[in-house]
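Reader: I'd like to learn how to read helix packing and burial in a model like this one. Could you walk me through it?

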Amino acid sequence: MESLPQSIGSTCIYKKSERKRKMRSVGDHINELPDDILVNILSRLTMKEAVRTSIISSRWRYLWRGFSGCLNFDDPFTMANSKWPHFNLKSGPINVERHKFVNWVNQVLSSLEGHCTEELRICFDVFSNHDIDNWIKFASERRVRRLELDFSRVVYNLRFVGQYTFPSHLEFYSSFRHLTDLSLTTVGITGEVLEHLLCYCCPVLEVLNVAESSSLASLKVSGPSLKLKHLKLNKLDNLKDLQLHAPNLLSFEYSGPILPFSFRNVPNLVDASFWGCFSAYIARNLCQHSIFLVQLHTLKLDTCHLLIGDSEYRAGRYLHDIPEMCHLKHLEIIGTPKVNDLIFCIALLEAAPSLYKFSLKLVSQYNYESYESVKTIKDQPYLSFTELRSIRVVELLGFVGHIADFELVMYLIFSAKLLEKIIIDPCTTWRAGTPRELIWRETAEYQSARRRAFELAAKFPLWEFVIP
């Protein structure tokens with residue numbers, strides 16, 4: 001091989017040395033900054049990234065201890081490990097992982113020297129009550145703005161076993177006056193403690209999320225100075241009474257027992273999500289909630305528990321009595337590929353004249369081929385099939401490729417004259433957004449559904465299809 005001319009080789013060496021000189025110059029400028037500025041910069045990184053900077057030089061070795069950003073203690077891949085035995089969860093491999101996780105959290109928290117922390121997030125199957133008490137005390141002392149405790153069990157059916165109880169003594173949260181976002185999952189907390197936090201200890205709290213609490217039987221969300229804007233109450237099996245009087249509330253999400261609470265005291269509510277049995281109750285009684293539905297911009301419903309039969313359709317119930325939702329911009333439905341459920345979706349679409357986006361997340365729990373062989377969406381006498389004048393985006397998650405899936409997409413294409421984008425994702429609804437999603441996308445079942453989605457898209461080349 002011929003050697004490069006000497007002039008070219010010299011130029012390359014010069015450019016490399018010049019780049020190194022500039023990099024050293026930038027590094028020198030950074031090192032000239034005072035410690036408080038460097039700590040402020042580190043606090044904008046993730047916690048792990050900030051700790052890694054300790055190897056830069058002796059000066060940087062302990063700078064990360066002033067970290068005041070987001071402390072994110074989460075190990076989703078360990079939690080998602082399907083190899084954990086479904087018994088004796090306080091011993092064996094999962095208990096080893098618990099000890100490792102608790103030691104990790106304790107070591108980091110004890111090393112920090114700052115006076116405030118933006119966010120503390122701890123998510124793992126933990127039983128150690130004494131350590132959790134100390135973590136909450138840390139959050140209070142460091143004036144945390146966002147606090148998330150998620151102690152979801154590896155085995156869902158054991159979510160109430162040994163559940164940690166949020167402390168009721170005031171000294172634990174006397175300094176929560178800066179807290180704006182509180183999320184508690186698989187944490188036992190009573191209505192009295194929550195109400196005290198809302199009214200007296202957290203004057204600027206805007207976001208509250210409580211899920212899988214075994215202790216919550218009654219809750220009153222009310223107060224003249226309540227700043228709460230977003231409320232999520234999910235999987236609260238023991239909840240018997242709920243009172244809402246929140247004039248600033250913008251969004252509300254609920255799944256749990258059917259409760260006779262009113263939506264008259266939430267005048268600014270524009271985003272509502274309902275799951276499980278209560279969602280079925282709302283869907284079957286839409287007319288009774290027409291005043292509340294009219295003000296919504298976003299509505300999310302779970303129709304898997306609706307179970308509407310053919311006789312009810314023939315009677316015209318649930319289809320012609322749906323109130324007009326004139327301000328609705330986004331409708332999201334979690335449902336089955338069963339034709340009756342899809343017909344109900346279409347009836348909702350026709351009752352929302354300003355709808356911009358429709359999302360349908362399919363849950364395939366049974367084999368619906370028998371339903372499809374009997375009847376399909378088209379030629380239904382119970383629907384008017386009116387023009388959908390405003391829909392621009394359609395999202396279909398859990399696409400399999402049944403006849404009903406194809407017909408629903410074709411109905412939307414022909415009825416929604418302004419439709420611009422169709423997003424079709426064969427990923428199953430319950431796997432989306434979890435560590436199992438990547439594994440599922442490698443399976444033959446997923447790839448087969450994806451091919452059918454591309455076949456459907458090929459039939460309509462004038463529309464934009466997005467298929468992950």
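Author: Here is a short tour of a helix pair, a core residue and one more helix. This is a predicted model, where local features need pLDDT of at least 70, side-chain atom pairs count only at pLDDT 80 or more, and totals for chains, interfaces and linings use all residues. Residues are numbered from 1 along each chain as its sequence is written, and side-chain values use heavy atoms, with hydrogens and water left out.

Reader: How do helix 5 and helix 6 pack?

Author: Two packed helices are described by the angle between their axes and the distance between the axes. Helix 5 (residues 93–111) and helix 6 (residues 129–141) pack at about 30°, with axes 11 Å apart; axes are lines fitted to C-alpha atoms over the stretch in contact, and angles run from 0 to 180 degrees between N-to-C directions. Helices are DSSP runs of H or I, at least four residues, and strands are E runs of at least two, numbered from the N terminus.

Reader: Which residues meet there?

Author: V102, V105, N106 and L109 of helix 5 meet D131, W135 and F138 of helix 6, contact being heavy atoms within 4.5 Å. Beyond its neighbours within four places in sequence, L120 touches residues including L109, W135 and F138.

Reader: Is E445 buried or exposed?

Author: Buried means under 20% relative accessible area, exposed over 50%, and partly exposed in between (1.4 Å probe, protein chains only). E445 sits in helix 15 (residues 444–458) and is exposed because its relative accessible area is 55%. The buried residues of helix 15 are Y446, S448, A449, A453, L456 and A457.
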